[in-house]
Amino acid sequence: MKHTPNSIEACARSFNRTPGKPGNVQLERISSTELYLTWTSPSDPNGVIIGYRIVWSILRDDKNMSVPNSVSKTEIINNGSTVSFGIDKLEPYSVYRVSLNGMTSIGNGTAVTLTARTNQSSPGKPGNVQLERISSTELYLTWTSPSDPNGVIIGYRIVWSILRDDKNMSVSNSVSKTEIINNGSTVSFRIDKLEPYSVYSVSLNAMTSIGNGTVVTFTARTNQSTPGKPRSVQLEPISSTELGLTWTSPSDPNGVITGYRIVWSIVRDDKNMSVSNSVSKTEIKNNGSAVSFRIDKLEPYSVYNVSLNAMTSIGNGTVVTLTARTNQSTPGKPGSVQLERISSTELDLTWTSPSDPNGVIIGYRIVWSILRDDRNMSVSNSVSKTEIINNGNAVSFGIDKLEPYSVYSVSLNAMTSIGNGTVVTPTARTSQSTPGKPGSFQLERISSTELYLTWTSPPDPNGVIIGYRIVWSILRDDKNMSVPNSVSKTEIINNGSIVSFRIEKLEPYSVYSVSLNAMTIIGNGTVVTLTARTNQSTPSAPLNVLASNDSSTRLNITWDEPEKFNGVLTRYTVYYKLVRDDNDVKVAEKKWMSINVMTTQTNVTLRDLEKYSWYEIKVSASTEVGEGENTTAEEFRTAED
């Protein structure tokens, strides 16, 4: 049969069908809003590929809910050589269906459809957030999961701090507290151990594996409570029938002070005899700003017990109780006054009754304040403390809860019902004690085998610092494994002015616990402990390199991880070179060839080798610092055909 040109052209056109499906199609996520599509040209193009058609639509949203009636988007690529396309402006943590087909002039080819989920992102803000007060020390926070979680909610982060105290004063530099809730289904949290009647700022955000989401911040004030005790309470005789009570508002009002309650009763009559079954009297002052009260119509030269407490709407606060006797005259100074130190926090004051008492001694008044601290520095504006001893027979008093190695001024006077007598003021220094913790403690890594410890002298030395004690031990090794029963090492620095120490001969990339305390002649002070990891180094050589020859052109190489990682392994490198041919004849020196292997595997197959020939093999591991030791080169032979 004879073919004409027209019949040949018609025959050729009959084979110009639509193309087959693209090859090696992969859909990978790049970010929370991007997917990346790659492919190769169809193996059966059935013509000239003039481009590609890509169609995508959302299947499931970030809450894994099906998205019905989603609108698909289409991209036509008019370039037959294109083999990739970035799909952007997608929703975070959502599943997308992507279809791809090649095109010829005839039309669209067979489509390949893949699905992939975009990466997670940080979540939106929690919903329906409410902050309610439960008590004077508790707030209750509730919420619902974010409407736009942008991933799997793994928990919540709550941060709170005090804004205004119970006196409605702004609190500067308040330390915030944080609670991490590692449960994405939690929808409430009770914040306790708060200050009464104080305003708190509470922040809440959800978390995904990507990080913290949008923060919601609320404020609330805790409920009122009963107040603390009034301050600077004093009870003084005015005349033979009057006593004057004065005070200042409590330092911890715990609410709005609505007034004060004063209760008094006679304790001893004018013959200094106890009065049993005395009827107490009560005065309620409904004025929160009151700071004094005159108690009148009393019995002359009698001892009275007077109690004072503040009030809020919740109730009565802590009671302060004082006693006083109505007037006689003021006495002279006590005799034989001595002030001796007993310990680092105690002084003992002794005396005898005044030689000129000028009446009946009803007690003694002792006032003490710090003059010089444990660094022998003058203390300005120190707050004095007062003890009223309502016993005219008393001849001693132990002053405790003092600061170690500090100079105190102690004033003593006798009292009658008229008032305070002449004051005697001795001074004394308390004994040394063990010191407080060193300041500005820092632990820095210098190298893979050294850490550098710095500090400053304790702010509360409690005596003369004679040196420092440093103890260190390994907690985790270079593989981040706990090291049980590690032996600690100790360095004693017999020099109180030293403020640094270099710890050496440590293991690379290992976590060490380092403790530091100062010393006085009394002993060791408070310990400060930090941890730090030494720098990475190069690893030791891998172990147990073996090879098996499952064919004439391949060797399967295996090995065990190094004994010492000395850091985070980043790769293995396998080196190989031909040393003898299939006749066991040594070949000319070859350059080493190498293959890098991920640290997740300890094997590799060397391919395209010479048949039945000897290869020299060695393996090394690397960290970010560099490549470690190679294993000793060993020879292995490929198999015979």
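**Legends to close-up views of a six-domain chain**

**Figure 1. Domain 3 and domain 4 have C-alpha centres that lie 25 Å apart.** The model shown here and in the other views is predicted. Where the two domains meet, 4 residues of domain 3 are in contact with 6 residues of domain 4. Domain 3 covers residues 231-325, and domain 4 covers residues 335-427.

**Figure 2. The whole chain is divided into six domains.** In addition to domain 3 and domain 4, the division comprises domain 1 (26-117), domain 2 (130-221), domain 5 (442-533) and domain 6 (542-637). The secondary structure of the chain consists of 1 helix and 45 strands. Its radius of gyration is 43 Å, whereas the globule rule gives 26 Å for 641 residues, so the chain is more spread out than a compact globule. The C-alpha trace spans about 155 × 70 × 35 Å along its principal axes. Of the contacts in the chain with a separation of 6 or more, 67% are between residues 24 or more positions apart.

**Figure 3. The surface and the charges of the chain are considered together.** About 33700 Å² of the chain is exposed, and carbon and sulfur atoms supply 47% of this area. Buried residues account for 44% of the 641 residues. The chain has 60 positive and 60 negative charges, and the mean positions of the two sets are 5 Å apart.

**Figure 4. G102 is a buried residue of strand 6.** Strand 6 comprises residues 95-104. The relative accessibility of G102 is 0%, which is under the 20% cut-off, and therefore G102 counts as buried. Beyond its neighbours within four places in sequence, G102 is in contact with P19, P22, G51, Y52, G107, N108 and G109. I76, which is 26 residues from G102 in sequence, has its C-alpha 10.0 Å from that of G102.

**Figure 5. K21 occupies the loop between helix 1 and strand 1.** The loop is flanked by helix 1 at residues 5-13 and by strand 1 at residues 23-29. When neighbours within four places in sequence are set aside, the contacts of K21 are with P42, S43, D44, T110 and V112. T456 is 435 residues from K21 along the chain, and the C-alpha atoms of K21 and T456 are separated by 73 Å.

**Figure 6. Y301 is a buried loop residue.** The loop that holds Y301 runs between strand 20 (292-295) and strand 21 (303-311). Y301 counts as buried because its relative accessibility, 14%, is under 20%. From Y301 to N69, a separation of 232 residues in sequence, the C-alpha to C-alpha distance is 97 Å.

**Figure 7. N376 combines a positive phi with a place in a loop.** Most residues other than glycine have a negative phi. For N376, phi is near 65°. The loop in question lies between strand 25 (363-372) and strand 26 (385-389). N376 has a relative accessible area of 38% and is partly exposed.

**Figure 8. S440 is a strand residue with a positive phi.** Although S440 is not a glycine, its phi is about 45°. S440 belongs to strand 30, which comprises residues 439-445. With a relative accessible area of 57%, over the 50% cut-off, S440 is exposed.

Conventions: Residues are numbered from 1 along each chain as its sequence is written. This is a predicted model: local features need pLDDT of at least 70, side-chain atom pairs count only at pLDDT 80 or more; totals for chains, interfaces and linings use all residues. Side-chain values use heavy atoms; hydrogens and water are left out. Helices (H or I, at least four residues) and strands (E, at least two) are DSSP runs, numbered from the N terminus. The radius of gyration is taken over C-alpha atoms; the globule rule is 2.2 Å times the number of residues to the power 0.38. Buried means under 20% relative accessible area, exposed over 50%, partly exposed in between (1.4 Å probe, protein chains only). Contact means heavy atoms within 4.5 Å. Accessible areas come from the Shrake-Rupley method with a 1.4 Å probe; for residues, only the protein chains shown count as cover. Lys and Arg count as positive and Asp and Glu as negative; His and the chain ends are not counted. The place of a charge is taken as NZ of Lys, CZ of Arg, CG of Asp or CD of Glu. Domain bounds come from an automatic or database domain assignment.
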